[in-house]
Amino acid sequence: MDRRKSIKALVVGTVSAGVVLEACKDDKKAPETNVAATGGDKQFTLDRQPIEVERYKELTSKTFFTDHEMATITILGDIIIPKDEVSGSASEAKVPDFIEFIVKDMPQHQTPMRGGLRWLDMQCLKRFEKSFKDCSKEQQMEIVNEIAWPKKAKPEMAAGVGFFNLMRNLTSTGFYTSEIGVKDLGYMGNRPNQWNGVPDDVLKQYGLAYSERELKECISFDKA
Amino acid sequence: MGELQIKKQPKQYDAVIVGSGAGGGMAAYVLAKSGLKVCLIEAGPMYDPAKNVTQLKNPWESPRRGASTKFRPFGDFDACYWGWEIDGEPYTKKDDTKWDWWRARMLGGRTNHWGRISLRFGPKDFKRKSIDGLGDDWPIGYEDIKPYYDKVDRLVGIFGSVEGLENEPDGVFLPPPKPRLHELMIKKGAATAGVTVIPSRLSILTKKINDERGSCFFCSQCGRGCTVYADFSSSSVLINPAIATGNVDVIPNAMAREVLVNREGLATGVSYISKDDMMEYQVTGRTVILAASACESSRLLLNSKSQRHQNGLANNSNVVGKYLHDSTGAALGGVLPHLFGRKRYNEDGVGGMHIYSPWWLDNKKLDFARGYHIEYWGGMGQPAYGFGMGMENLNGKYVVNGKQKEAGGYGSSLKEDIRYFYGAGVGMAGRGEALALESNYCEIDPNMVDKFGIPVLRFHVKWTDHEIKQARHMKETFKEIMHNMGAVITWGGDDGPDNDYGLESPGKIIHEAGTVRMGSDPKRSALNKWSQAHDCKNLFCVDGGQFVSQADKNITWTILALSMRASEYIIDEMKKNNL
């Protein structure tokens, strides 16, 4: 049963109210009521309080990172999450835009990010007489390899390790909460479903089984 | 500001209810269904989970990917408006004590926020003083409230299993969902530790119970509100049907200032400020029912001083604001290495745990007074802000797909690690009963008002050794369960006496109760056993304020039952012309 059909079956089978059809239809299209709830701002597919819309507009009216910084973030992001056989890269998933937004939303990240980017540039300037973004791929990887492995990094690189940890964290979380990243991960929820318990092959894999009482008393659905 | 005036609403109501959460919603429902005219005042805006939708959204639909803000402290998709801090509505603390105060500002109040955990108090929970000599007994027993629990079960809907446990009374249950994979593992690990595990009891409809509400479609997102009303929230289950009777006027964005009284000291209505136009209003009623939350209701009473009630309304006993208590909480979590690289399938299930552990021991054999239950979580949830962080603390410790790696890193190898560890997390938290003490209280701060000019609350709450020792016991139990499951603890395992064993600061579990407590003795309680003020017979309090003690059970189900009971009493008393 494909997803659309299963939604229809669930809705038709269990609920009569019109709002339900609205709520369960293709979740990429926001119900109109949502737009009303956000003061007519189509930016949002989520229910927002007016003060949240204001906050969003205030944050997005400002730019935090310079073009130079954004270029550096983009290069680092794609080193951390490159395109591979499973999925695309951080920049393809618009992770740099996410990082620009999140540092404005969470000001505690601003100084570590700005200072870390400058630290990286200064290291490169001393060593290669260029900023990080203008270094060759080999030069970039040389410096990255000195800050990407916390346990084996030299003590004098500790500031860079801290920055790279933050950059790795923001890039990973930005990527795996994007459409490309969620698909990569194989998360299969966030859709109407009928929970019938752990699939049989998985139970078998872990040597587990439901008790007779669970099978008898718990809710179950006909397997389609 | 122009001429300051007080606008008096001309309509005379049978009841003016302050607050639209579990207590206020139930009172509005019962009274309106019986034909009484109700005015429901709510400090936040209107809200309907079918219209104000955050359910079935993807993480990228939030620019912060579901991270929290002060507007939504439990994350950008959470249904609840506001929480720990509200702009312009401060509160203070005394003598370096701690209290975190959660305030929802929306129709339905905190019922838009909670985990739908719906536990009945048991026979012992009403009579704790008789058992251990601490605190006080309730003026009612389980037999008084049982019929109302039964009615709430049928009206609202709850799943669970019949277990026959003495102090965990069974209800009228819908079938529970089957345990998830990690929950099956928890069951085994807990059984080895001698810890009882049974199906959870949540107010979620695994089967349809009427034509107004749908049944659960297992998206695990109850915290976002349900568009088909398949879980309990006050707006969808109680207030909407109450409004449909034509007997309820809801006044949103109305912050109650005072309960008004006449010369005889009886309540005549409520004065409030409208957040929409900043004008002052009064609304009058035959009865006034407070359901603004334990602390807000006590604040309202303490701020309602008059000739007849100089110590605040319903406060001849001087107990209003006192006996404030929250559930205890401590948690711990980690990873299940045998779940690394697990097969993907949709395991969202219902919103929350499918199993839990009710209190299984006898406190007579322990060094603390009261019990706790255990809540569990884990599995393949929807990724949100924070997901994928901290890989440098994880990926050097385990063999990933046959390879031992260096901690940290980047590239395809990092992507492989994140995929490999996904869905292997597991955690557990205790929720326990704290003692309700006179020395733990909220009072009016003489030095501060909120932006509406209403004097604010000042808190003074301290844990005792009973709660701290209970937290220690929680942590020991959790470690044993984790060990038995083969889990590795990654957080919460190092707590000790220095930080009270990870015991959360009071208020954090969002189960405030006790500040307007009921009792048989008017000198030691604010309300009688019908939730009715000893000193003002047409004033009632039907929220967590009336609790004498709160067991280790989330208090919503008992608020619903007590509010239904008080509302039926009001109807009876009105028929007898006693009100």
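User: Which residue follows α9(B), and what is the sign of its phi?

Analyst: In this predicted model, local features need pLDDT of at least 70 and side-chain atom pairs count only at pLDDT 80 or more, while totals for chains, interfaces and linings use all residues. Residues are numbered from 1 along each chain as its sequence is written, with chains lettered from A and ligands numbered from 1 in the order in which they are written. Helices (H or I, at least four residues) and strands (E, at least two) are DSSP runs, numbered from the N terminus. Asn577(B) follows α9(B), and its phi is positive, near 60°.

User: What span does helix α9 of chain B reach from its first C-alpha to its last?

Analyst: The expected span of a helix is 1.5 Å times one less than its number of residues. Helix α9 (residues 556-575) of chain B, with 20 residues, reaches 29 Å, close to the expected 28 Å.

User: In what order do the strands β3, β15 and β16 of chain B form their sheet?

Analyst: Two strands pair if DSSP finds at least two bridges between them. The order in this open sheet of chain B is β3-β16-β15, with mixed pairing. At the edges are β3 (92-93) and β15 (441-449) of chain B, each pairing on one side only. β15(B) runs antiparallel to β16 (residues 455-460) of chain B, and five bridges join them. Tyr441(B) has His460(B) as its bridge partner in β16(B).

User: How many helices and strands are there in chain B?

Analyst: Chain B has nine helices and 19 strands. Its C-alpha trace spans about 80 × 50 × 50 Å along the principal axes.
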